[in-house]
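Visitor: I am new to this structure and would like to learn how to read its features one by one. Could you take me through them slowly?

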Amino acid sequence: MASGAQRRSELLRGVLDLCLLAVIEEGPAYGYEMTKRLRARGLSIVGEGSIYPLLGRLEREGLVETHRAASDSGPPRKYYRPSREGRRTLAAGVSEWRAARDAVDAVLAPVKVEVAS
Amino acid sequence: MSDFVQQCRREWERLRVPDSVANEMAADLAADLKEAETEGVSAEEVLGRSAFDPRSFAASWATERGVIPSTSHRESASRRPLVLAALATLTVIGLIVAVFIALPVRSESVAMTPAPPQPRVLAPPAPSGPFVLHSRPIAADVFAWILLMVVTVLAVIVSARLWSAWVRSRLPTAPA
């Protein structure tokens with residue numbers, strides 16, 4: 001049986017690309033800025049893999065567009081935003097996620113959870 | 001530049017990531033880590049588990065970006081010269097054998113059959129024999145020669161394709 005951290009890691013792995021696309025849909029962002037946006041929503045990647053390889057894959061697959069621009073602090077940064085294909089992928093992925101989440105919720109809903117004190 | 005970024009840079013150099021791409025990734029990473037440090041955020045919070053394994057992190061990033069082949073492809077590419085050498089050796093052996101077979105030395109088979117019965121005259125019948133030698137070229141030789149030539153040509157084609165793919169895999173990928 002997977003531990004809590006392992007299960008969380010496995011669950012996140014399948015949707016982290018959608019989370020990245022979602023946070024840059026709000027506005028272009030560079031790598032660390034995305035990490036901050038995720039953390040602000042309670043999604044810490046501590047214990048997970050880095051977002052950089054994932055950003056590399058999104059870029060290779062044409063799901064994001066990039067441009068270099070000056071940042072508020074420090075040197076110019078590489079900003080990412082979803083491409084048209086990226087937006088389509090995000091929309092489709094969100095639908096799939098919601099369908100899967102609802103189905104799992106329907107199965108798990110009757111389970112009574114007792115929190116040990 | 002932090003030690004982590006320097007280790008990544010070395011790994012990208014080892015993996016023959018084009019300089020322009022490696023410089024860009026290193027600069028982005030260094031800027032992000034510096035900003036995180038300024039805000040009191042640990043490298044682990046930015047990089048996750050990868051913070052403890054810069055080489056894997058660097059290889060993974062370059063692979064996902066498509067600037068180097070995947071690990072399995074790199075492993076198969078590293079074995080390719082051995083396969084190529086084996087195929088080349090087989091090709092040479094095949095060619096030598098084909099040349100020897102094609103030399104103008106006629107192969108003949110010898111079949112021994114009893115002589116047709118002679119009309120009896122006065123002489124007593126021969127106890128056994130005499131035997132007459134019949135010779136004919138073996139069709140199998142021609143077939144073997146054709147087969148060898150076909151195998152050799154196929155080996156040459158496969159070698160050429162492998163060689164071409166191997167050379168392409170060694171060339172640095174264009175920056176993404």
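Guide: Let us begin with a term: helices and strands are DSSP runs, numbered from the N terminus, a helix having at least four residues and a strand at least two. Please keep in mind throughout that this is a predicted model.

Visitor: With that term in hand, in which element is the place of Pro53(A)?

Guide: Pro53(A) belongs to helix α4 of chain A, which covers residues 52-60.

Visitor: Is Pro53(A) buried or exposed?

Guide: The cut-off for buried is a relative accessible area under 20%. Pro53(A) has 11% relative accessibility and therefore counts as buried. When neighbours within four places in sequence are left aside, the residues in contact with Pro53(A) are Phe57(B), Ser60(B), Trp61(B) and Glu64(B).

Visitor: Which chains does the salt bridge of Glu64(B) and Arg60(A) join?

Guide: The general idea comes before the case. Side chains of opposite charge can pair when their charged atoms come close. Here the side chains of Glu64(B) and Arg60(A) meet in a salt bridge, at 3.3 Å from N to O. Glu64(B) lies in helix α4 of chain B (residues 54-65) and Arg60(A) in helix α4 of chain A, so this pair joins two chains. Glu64(B) counts as partly exposed at 25% relative accessibility, and Arg60(A) counts as partly exposed at 43%.

Visitor: With which residue does Glu35(B) form a salt bridge, and are the two partners buried or exposed?

Guide: The partner of Glu35(B) is Arg77(A), and their closest N and O atoms are 3.1 Å apart. Because Glu35(B) lies in helix α2 of chain B and Arg77(A) in strand β2 of chain A, this pair joins two chains. Both Glu35(B) and Arg77(A) are buried.

Visitor: How far apart in the chain are Glu11(B) and Arg55(B)?

Guide: The side chains of Glu11(B) and Arg55(B) meet in a salt bridge, with 3.0 Å from N to O. This pair links distant parts of the chain, for Glu11(B) is in helix α1 of chain B (residues 3-14) and Arg55(B) is in helix α4 of chain B, 44 residues apart. Glu11(B), at 6% relative accessibility, counts as buried, whereas Arg55(B), with a relative accessible area of 46%, is partly exposed. Elsewhere, salt bridges that share partners join Lys36(A), Arg77(A), Asp32(B), Glu35(B) and Glu39(B) into one network.

Visitor: How many salt bridges does the structure hold over all chains, and what is the count between chain A and chain B?

Guide: Over all chains the structure holds 20 salt bridges, and the count between chain A and chain B is nine. The contact of the chains takes 25 residues from chain A and 23 residues from chain B. The area buried between chain A and chain B is about 2,100 Å², and carbon and sulfur atoms give 48% of that area.

Visitor: How should I read the empty space, and how many cavities of 30 Å³ or more does the structure hold?

Guide: Rolling a probe the size of a water molecule over the atoms shows where empty space is left. The structure holds two cavities of 30 Å³ or more, and in the largest cavity lies about 50 Å³ of space. Its lining includes Tyr52(A), Arg77(A), Asp32(B) and Trp61(B), so that you meet again some residues named above. Strand β2(A) gives the most to this lining, with three residues. By character, the lining of the largest cavity divides into five nonpolar, one polar and four charged residues.

Visitor: And what lines the second largest cavity?

Guide: That cavity, with about 40 Å³ of space, is lined by Thr35(A), Leu38(A), Arg39(A), Leu43(A), Ser44(A), Ile45(A) and Glu45(B). Helix α3 of chain A (residues 31-40) supplies the largest share of the lining, three residues. Two of the lining residues, Glu45(B) and Arg39(A), have side chains that meet in a salt bridge, at 3.9 Å from N to O.

Visitor: Why is helix α2 of chain A largely enclosed by the rest of the structure?

Guide: Seven of the ten residues of helix α2 of chain A (residues 16-25) are buried, and therefore the helix is largely enclosed. Among the buried residues of α2(A) are Leu16(A), Asp17(A) and Ile24(A). The buried residues of α2(A) pack against α1, α3, α4, β1, β2 and α5 of chain A.

Methods:
Residues numbered from 1 in each chain as written. Chains lettered and ligands numbered in written order. Predicted model: local features only at pLDDT ≥ 70, side-chain atom pairs only at ≥ 80, totals over all residues. Heavy atoms only, no water. Buried < 20%, exposed > 50% of the residue type's maximum accessible area, 1.4 Å probe, protein only. Contact = heavy atoms within 4.5 Å. 1 Å grid on protein atoms, 1.4 Å probe; cavity = no way out; pocket = protein on both sides within 12 Å on 5 of 7 lines; lining within 4 Å. Points joined across faces, edges and corners; volume = space filled by probe spheres on them. Nonpolar A, V, L, I, M, F, W, Y, C, P; charged D, E, K, R; others polar. Salt bridge = Lys/Arg side-chain N within 4 Å of Asp/Glu carboxyl O. Buried area = accessible area lost by both parts, 1.4 Å probe.
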